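Hi everyone, thanks for coming. I'd like to walk you through one structure today, so please have the picture open while I talk.

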Amino acid sequence: MFFLGIDSNVHRTVVVALDLELAAVVAEGSANHQFLAGAPSGVREQDPASWISALDSAVRQCLSRLGPGRDRVAGIGVSAQSHGVVTLDSDNRIIRPAKLAGDSSMWRESEEISQAFGGPPGMIELTGNVIASDGAPAFLHWLKKNEPQHYQRLATVLMPHDFLNYWLTSSKRMEFGDASACGLMDVRSRSWSEPLFNLIDPRLLERMPPLCSSRGAQGPLRHDLAASWGLTGEILVSAGGGLSMMEAIGAGNVSAGGVTVRLGQEGRVSGVSAEPIIDPRGEVNCFCDSTDQWMPTVATMAATDPLEMISSTFGWTSAQLEAAVSAAPCGAEGLVFLPPVESGDYTVPTRFLHGITRENYTATNLARSAAEGVALEFGHSLERIAELGFEPKHVHVAGDWSRSQVWRQLVANVLGLPVAAVKGGDGAALGAALQAAVTFFAESGEDLTYQEIAAYAAEPAEGSRCEPNLEEHERYREVLSRRQFLSESLRGSALS
């Protein structure tokens, strides 16, 4: 029996075929999609139709490589980026391109909404999270103000994976995980925040799809689409979810205490919790995951900037950078890369390197301090989540650097926890396939829990486990404390 997992991220769509009997991915396909060209500075948009084209192409590639096995495909799951509102009119036509994560054109609208409820504390009381400058509330408020001709046509609001699910099944719904990330939901009660909708437009709530459990099925795959792909029988499409939610499932983090750390263009630390974890300071986002639990999360945009800066300076490949990191001692002889400091006017953040001396200013120490700076940021994030009552038990790392033993060991030493790599390095597509399998068996009347399927099909990569060096962990705790003090001092200076 095979299950297809689809991951539609910012740059491409990946499809994997999971052989449940072998607990292995046996076929893959992929297709790229691009940002719209010629956009003004700060605008990041894509045409949702390009996601459909990429999905169709990637599925056909995957099924072609699967060969006769396509007759045994039983279910499909979809993961997608959690930013990018898709607007449809009454004829279900796309009204305009979707604005993606990092689009800075809506920050004034986000500030207007936030201030209407008393700033960040009021937003946290209302929804459990601060408002994002590139999230759905800001976009819908921006659309109403700046493109009224488009807003008047608005009949349906969907998140990216909801839109792909709709194309696959002709059914519109929104599961708890992605709904929580869009910023329009009270994560504690898993319900739409009516005061937030009333502020933007009282009629807007009528344009939202129904909220549903992440454990429920989206519905059967359209028969015409199944025939076009050469699939037989009724193919069930699961609820799907956002990228970070599906990546957690693919990493096997489906029980309370599991932690997923991702190092990519966006750095992210996310846990699995049986209860909502709300941060009154707003440093930690509280999302719902895609197994009907909660997911405390801290994300860092441009997380790999320090590593890319050092590689660019010395003209290093990834392997050369890794070798340089390995060659320097723990603590980089006092060099510390500090977190980025924003000036408050939405400009590019400034980075600082602290502790430079004639003796420690070497290429290897610069590389080590950059890598430690990224890992220490993860350490600060997990420390803050733990302060709110979360008890981390193990860490699984995802992303390109998860394949590096040097990087995994560094993260283990900083966090003081065992660290292992996600199979294949990127588990969102695998997580979507696993969710599809759980949903299929639930709809068939058979009991298959997420814990059971994770233990069977989402084990960490063999030989990837790294135990923390407790002596270095204590050293990093000291560095982290000093780093945060310096960072807060610089931030206060920048904003004064």
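Let me start with a question: which residues line the second largest pocket? Before I answer, keep in mind that what you see is a predicted model. Okay, the lining is made of Gly 379, Leu 382, Glu 383, Ala 386, Pro 392, Val 414, Leu 415, Leu 417, His 473, Tyr 476, Arg 477 and Leu 480. Three helices, α13, α14 and α17 (470-495), each give two or more residues to that lining. As for the space inside, the volume of this second largest pocket comes to about 210 Å³.

Now, two of those helices come up again, so let's move to the sheet. It's an open sheet with six strands, and if you read across, the order is β18-β19-β17-β16-β22-β23, with mixed pairing. At the edges you'll find β18 (285-288) and β23 (419-421); each has a single partner strand, so one side of each has no neighbour in the sheet. On average, neighbouring strands here are turned by 25 degrees against each other, if you ignore direction.

Where does α14 sit? Helix α14, residues 405-415, packs on this sheet and touches β16, β22 (394-398) and β23. Its direction makes about 150 degrees with that of β23.

Let's zoom in on two strand pairs. Strand β16 (residues 258-262) and strand β17 (residues 266-271) run antiparallel, joined by four bridges. One pairing you can look for is Val 259, whose bridge partner in β17 is Gly 271. Out at the edge, β18 pairs with β19 (residues 294-301), also in the antiparallel sense and over four bridges. There, Cys 288 has Trp 294 as its bridge partner in β19. The hairpin of β18 and β19 has five residues between the strands, and in it Asp 292 takes a positive phi near 70 degrees.

That brings me to backbone angles. As a rule, most residues other than glycine have a negative phi. Ala 332 has a positive one, near 50 degrees, and Glu 333 has one near 55 degrees. You'll find Ala 332 in the loop between α12 (318-327) and β20 (336-337), and Glu 333 is in the loop between α12 and β20 as well. Are they buried or exposed? Ala 332 is buried, with a relative accessible area of 0%, while Glu 333 is partly exposed at 48%.

Next, the inside. In soluble globular proteins, nonpolar side chains tend to be buried together. Here the largest nonpolar core has 48 residues, and Val 261, Leu 263, Leu 307, Val 395 and Trp 407 have the most contacts inside it. Helix α13 (residues 363-387) supplies the largest share of that core, ten residues. Take Val 261: if we skip its neighbours within four places in sequence, its contacts include Phe 378, Val 395, Val 397 and Leu 415. Apart from this core lies another one, of 34 residues, among them Phe 2, Ile 76, Val 86 and Leu 221.

Last stop: the enclosed spaces. How many cavities of 30 Å³ or more are there? The count is four. The largest cavity holds about 110 Å³ of space. It has 13 lining residues, and Ala 303, Arg 351, Gly 373, Val 374 and Glu 377 lie nearest its centre. And here's α13 again: it gives the most to that lining, with four residues.

Methods. Residues numbered from 1 in each chain as written. Predicted model: local features only at pLDDT ≥ 70, side-chain atom pairs only at ≥ 80, totals over all residues. Heavy atoms only, no water. Pairing = 2+ DSSP bridges. Axes fitted to C-alpha atoms, helices over the stretch in contact; angles between N-to-C directions. Contact = heavy atoms within 4.5 Å. Core = buried A, V, L, I, M, F, W, Y, C linked by side-chain atoms within 4.5 Å. Buried < 20%, exposed > 50% of the residue type's maximum accessible area, 1.4 Å probe, protein only. 1 Å grid on protein atoms, 1.4 Å probe; cavity = no way out; pocket = protein on both sides within 12 Å on 5 of 7 lines; lining within 4 Å. Points joined across faces, edges and corners; volume = space filled by probe spheres on them.
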